[in-house]
Each structure stands twice: as C-alpha cells, then as structure tokens.
Amino acid sequence: TTVTDIDGNVYNTVTIGAQVWMKENLKATKYRNSEDIPTTIADISGETSPKYQWAYGGDINNAAVYGRLYTGYAATDSRGLCPTGWHLPTDAEWTLLTDYLGGTAVAGGKMKETSIAHWLSPNTGADNSSGFTALPGGYRTYNGAFNGIGGSGLWWSATEYSATIARYRGLYYDYTDAYRLLNNKYYGFSVRCARD
C-alpha cells in the first residue's frame, strides 16, 4: 500500500481499475540512480533540454504538501524520476484512468481531493471517489514565475507531441473535467507515478 522514493519519501498508493497509482505527487530531488535533479531560480528559456525540479515558490513547505514541479525534460529523462517498479504514465495510461472514471467530463471531480483545504472554492464536483486525491500544485513557467497553486493540478505524461512539447493532464478548481493538453517541456508540472 506504500512505495518509497530515492529520497526516502513514502507515498500511499491506490488501485483504480487495473492500474495502481501513487495517491500523492512526487517529491523526489534525485533520479532513481541517486543523481541529483538540480533546481534554479533562473530563466531557463535559453537552455537546451533543461532538467530541473522546484518546490513551488521556493518554499519547502509547499513541496511537503503538493510535491515538486519538474520540467518535462526531467520527467522523461531515461534515469527515471519514479521509484523502481514505477514509471511516468503515458498519455494512453492517463486516458485509461479517465475512461474508467466515466470520461474526461466527469473524471476530474472523481480525482480531486474533497474540501477546500488545498483547492480553491468551489472545487467543483470534487468527491475523490477514485481515491486519486489530486492536489493543486500549480506550475512554474520557463522564466521563473510560479502560478496556479490551489487552482490547478497539472501532471506530465511520458508521451511527447514533439521534441519540445509533451502531453499532460490538467484539473482545475472550477471544473469537473480532466483535460488532455499540450505544453512546452520547459514548464514545471507535477508528477504522479504508476506501477509497472
């Protein structure tokens, strides 16, 4: 029922249909081979394939609750963010999850943590009936700005759209939807791991 990452963080897990997911956003600061994932306060737009992680706003207390934010390049690095036996889910695996929960129009509500302790009001449709317990960790832009904590939870998939763009899933405080989206891998989003 739990899994431990390379940093010693322990995560609860949940079985949803045929899949097993972490119930929490990843907090690791190292790849599974123990190599550090660096952090920076810099604008990374001029870098090639930047691989970084951050606590939202540079505040370690945010990382403890919401997990860390990772560039798409770090999330898909071959060294692996997720613990051994776990992986960054593909776009197809996210779709399997949302299909199991009744489709994208309602899956978000079934995935979001209930109440407004972490989500902004009204946290539309949130019943967490799936047990996924999605939290709104927000995101980091390539130029160093942090936005969206409390309002949006954004999770990378392992599926690339192009060399610089990847698929991700977005949940929002004012919608029941689980959105399938695209963004530049320079952005910092949350990561959920799925069991192999």
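The following legends describe close-up views of a predicted model.

**View 1. The open three-stranded sheet.** In this predicted model, three strands form an open sheet in the order 9-10-11, and their pairing is antiparallel. Strand 9, which covers residues 152-160, and strand 11, which covers residues 179-184, are the edge strands, each of them pairing on one side only. From one strand to the next, the twist averages 35°.

**View 2. The pairing of strand 10 with strand 11.** Strand 10, made up of residues 165-172, runs antiparallel to strand 11, and the two are joined over six bridges. Within this pairing, Gly170 has Tyr179 of strand 11 as its bridge partner.

**View 3. Helix 3 against the sheet.** Helix 3, spanning residues 91-100, packs on the sheet and touches strand 9, strand 10 and strand 11, while the direction of helix 3 makes about 130° with that of strand 9.

**View 4. The packing of helix 3 with helix 4.** Helix 4 comprises residues 104-111, and helix 3 packs with helix 4 at an angle of about 85°, the two axes lying 8 Å apart. Because angles of 65 to 115 degrees count as roughly perpendicular, helix 3 and helix 4 are described as roughly perpendicular to each other.

**View 5. Residues at the contact of helix 3 with helix 4.** On the side of helix 3, the contact is formed by Trp94, Leu97 and Thr98, which meet Thr104, Ala107 and Met111 in helix 4. Sorted by class, this contact contains four nonpolar and two polar residues, and no charged residues.

Conventions:
Residues numbered from 1 in each chain as written. Predicted model: local features only at pLDDT ≥ 70, side-chain atom pairs only at ≥ 80, totals over all residues. Heavy atoms only, no water. Pairing = 2+ DSSP bridges. Helix = DSSP H or I, 4+ residues; strand = E, 2+ residues; numbered from the N terminus. Axes fitted to C-alpha atoms, helices over the stretch in contact; angles between N-to-C directions. Contact = heavy atoms within 4.5 Å. Parallel < 35°, antiparallel > 145°, perpendicular 65-115°, else oblique. Nonpolar A, V, L, I, M, F, W, Y, C, P; charged D, E, K, R; others polar.
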